[in-house]
Every structure is written in C-alpha cells, then in structure tokens.
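Please open the structure in the viewer and keep the selection panel at hand. The tour proceeds from one selection to the next.

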Amino acid sequence: MTDSNSSLFERAVRVIPGGVNSPVRAFGSVGGTPYFVQSGDGPYIWDAEGRRYIDYVQSYGPGILGHAHPAVVEAITRAAAEGTSYGAPTEAEVVLAEMVVERIAGLESVRFVSSGTEATMSAIRLARGATARDRIVKFAGCYHGHADALLAAGGSGVANQGLTGCDGVTTGAVADTVVAPYNVVPELDHTVAAVIVEPVAANMGLVAPAPGFLEGLRAACDSVGALLVFDEVITGFRLGRGGAAGYFGVVPDLWCFGKVIGGGLPVGAFGGRADVMANLAPLGDVYQAGTLSGNPLAMAAGRATLELLDDAAHERLTATATRLGDGLAAAFADAGLAAMLPRVGPLLGVFFGDTTPGDFDEASVLARNGVYPKVFHALLARGVAFAPGAYEVLFPSLAHTDDVVDETIGIAAEAAAEVVGDLL
Ligand SMILES: *Cc1c(COP(=O)(O)O)cnc(C)c1O
C-alpha cells in the first residue's frame, strides 16, 4: 500500500492541474475527490487504500476484456522485450491493419495514430483535403476528442454556426464547424466537406440513433458530395465485429477508432475507402504523421484484444449489458427512483428521469437534475465504480460474469434506497 487517496490527491494537485490528466477524473461534476487506482484485475480495481470496486469505467471503453487480461499482458511484455519504438515500419502494424480491414466492410485502408482525438482531427483534415471544401457538420452532444475545430458549441434546437466551446479555441478555429441537433438530418450544401457523427451517441449518456437518422445522413452526404465520417471510437469493435457500420448497415466514407482498438494502450486509427485515404502523405498532399504511431507495444495490445472479440464475445457482452440494464432498472424502480437504461447491443446508458432522451438538450436536463452524483457516491461507498459524470455510459466487460453483475444489482438496490431516502 502507498499513500491514502486523499494524500495522493493533495500531492497531485500540487504538480498536476486539478490533480488529474483528463478532466472528468477530477470528480468535478459529482463532488468529492478521486480514488487512486493501485491495480486492476478483470472486472475489479483496487484503490490506494486497498478497497475493491466492481469497475464499470474500464478506462472509458478500452477495457473490453477487463483489466490486466493475461493475453494482453503477455503480448505487451513480449513486444517490450524486443524494443519499444523504432521509427521504421513493423509487421505488427500490417497485421493489425489487416485485422481492421477484414472486419470493417467498406474500409480498405487505415492509418494508426495514438489517440481518438488524433483520429478525428486527422479524418477532418483528410475530408477537407479530399473534397477541397472547408465546412464540417457535427452534432451537439457528440464528443470527438479535443481538437480545436471539434470543440464547437451549438445553440439550441437548430443547426448553428459553431461558437467556440472552450477558452483558447479561437472563433476562427470553429468558423467552419456547424453544430446541429442529434437525430435530425441537417440540410447540407456544396460547401460541406464532411459530416461527423457518433453513430450511437455515448458521450451525452447513451442516445441511440433514431430510425432512419444514419441512413438519412448517408443520403444527405451523397446528394452534395460530402463525406460521412463515423466516429466509432466507442462503438468500434464493441457493437459487433463490424462496429456501428456493420450493426446498422450504413457505410460511411471514413471511420475513426480508438479505445478498444488499443486494448488499453494509446491507439487511435482512421480509415476508409482507398481513393479517399490516398490523399494522405506520402501519397497525397494532406500531411499527417506521428513519431509513436503504430507503436509496437500498442499494436500488440490491439491485436491480442481484437483476436478475442469474435461473434460469441459480442453476444456475451450484449447478454451482460442486458442483464445489467434489466437488473438495474428493476432495482431503481423497486426503490421508487425514476430511471431509464437505454441499451444498444452491448452499450448501456443510465439516466435518472422518466423519458429517454433523443438529443443533447433532453439528455442535459436529466444529466443535471442532481440525481446522478447521489447515486454515484452511494454506489462507490458500497464498492461499485460508475464513471464520475452523468454524461458517461457503463462499460461492462467480458470479465463481468453473471455473478458480478448480480452483485452489482444487489448493491444498486441498497444505493437507490439510500438516495430515495435522501431525496425525500
Ligand atoms: C473518447 C472519444 C474520443 C477521443 O478519444 P481520446 O483517445 O480520448 O483522444 C473521440 N470520439 C469519441 C466518440 C470518444 O468517445
């Protein structure tokens, strides 16, 4: 054991802004201070004080096999012993690229980067270069990482010229970003280079695409010659072997991946039709690069992870998410706590309220009603870790057995009773 959580946090805030290297980890929206993770194994993590939690964060998605899966640990260890980075191509990159191309129908060529942010940023640059157009359309509540052009905020209700969504992002950086409401197909014109979308929105809680939305985007893009970009950083290799494109049968021009594809190491990727990808340097004039892109450890972890994600694994994940969603819904209902648990295949969200949101305006009303932080802390105190923010989704892994899920549901029943008592 090292230091306590609180003394680690005190040390952290002295040398790291807010004590964290990514903002949601700071517990800002739920109150309190974070636990510091000492280790993980399968569905569990242990904090610096030796307390065990059933973990539904799973690194916000990469942990699809659970923590410290032996196959991933072995692959990384073996790769590390042979050298950690060369700055020259390796077979491991070819192997992982072949695995992606084989799984994603319509994707012919893929480039690896080191994060989801790099993937979306590069895909947007590529789309602009390939079409010789400037404007992009994104949807309110969809998160595409923290590149400037994608940190645009929308107004309410209709498609809007992006406003800068954060200090330090200039008006110029978002001047060509239009923000539209999710689940409404926007009007496009011939100035639009690309429409980027989370095919299942999983960064405003879970919001499923309405029937016809993704098909409508495909048709709208085709009618003006814009490229459709699926940000599958969460859905890729999780919704099924073919990700959201395979699940819904809608084929975009470009895909962005992250999270699962790196098996817990820093990996992102973007890919698509070979003729579009041919605009990238060194073949074309759209510059994009990375010293650590295709890193051998990261490729090894990605390969070991994808190798274990066959159809049976995705069925198992869906069954686990269904058991968890149904069980939580019943536990919350029995306690008299209004909750909706939207699910798309293995993706599961939780909102505290009476209606399932269909866009960001509706999601944010529920995310800000004050219930989530109470449930979060009541669960955490009993050994269940949900993400410290109401806009996140649950990430049950292949290591979450039925017993672990049932234990979670029992704990949720107690937590809900406490919260309801509190709210009265
Ligand atoms: C997490 C996420 C990103 C950003 O990925 P990072 O690896 O955190 O840069 C982009 N898009 C979606 C949909 C995400 O969930």
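Select β7 and strand β9 (residues 177–180): 2 bridges join them, and the two run antiparallel. Strands here are DSSP runs of E of at least two residues, helices are runs of H or I of at least four residues, and both are numbered from the N terminus. Within this pairing, Asn-160 stands opposite Val-179 in β9.

This is a predicted model, in which local features need pLDDT of at least 70 and side-chain atom pairs count only at pLDDT 80 or more, whereas totals for chains, interfaces and linings use all residues. Residues are numbered from 1 along each chain as its sequence is written, and side-chain values use heavy atoms, with hydrogens and water left out.

Next, widen the selection to the open sheet, whose 8 strands follow the order β4-β13-β12-β11-β10-β5-β9-β7 with mixed pairing; two strands pair if DSSP finds at least two bridges between them. The edges are β4 (109–113) and β7 (160–161); each has a single partner strand, so one side of each is left without a neighbour in the sheet.

Add helix α3 (residues 91–103), which packs on the sheet and touches β4 and β12 (254–257). Its direction makes about 125° with that of β4. Contact means heavy atoms within 4.5 Å; axes are lines fitted to C-alpha atoms, for helices over the stretch in contact, and angles run from 0 to 180 degrees between N-to-C directions.

Now select helix α9 (residues 296–307) together with α3: the helices pack at an angle of about 35°, with their axes 9 Å apart. To see the residues that meet, display Ala-92, Glu-93, Val-95, Leu-96, Met-99 and Arg-103 in α3, and Met-299, Gly-302, Arg-303, Leu-306 and Glu-307 in α9.

Turn then to the aromatic rings, of which a search of the whole structure finds 14 pairs. Rings of Phe, Tyr and Trp (its six-membered ring) pair if their centres lie within 6.5 Å; planes under 30 degrees apart count as stacked, over 60 as edge-to-face and the rest as tilted. Tyr-247 and Phe-248 form an edge-to-face pair, 4.9 Å centre to centre with 70° between the planes.

Phe-332 and Phe-352 are also edge-to-face, at 5.3 Å centre to centre and 70° between the planes. Phe-332 lies in helix α10 (residues 311–335), and Phe-352 in the loop between β15 (347–348) and α11 (360–367), 20 residues apart.

Finally, select Phe-27, Tyr-35, Tyr-53 and Phe-376, which form one aromatic cluster.
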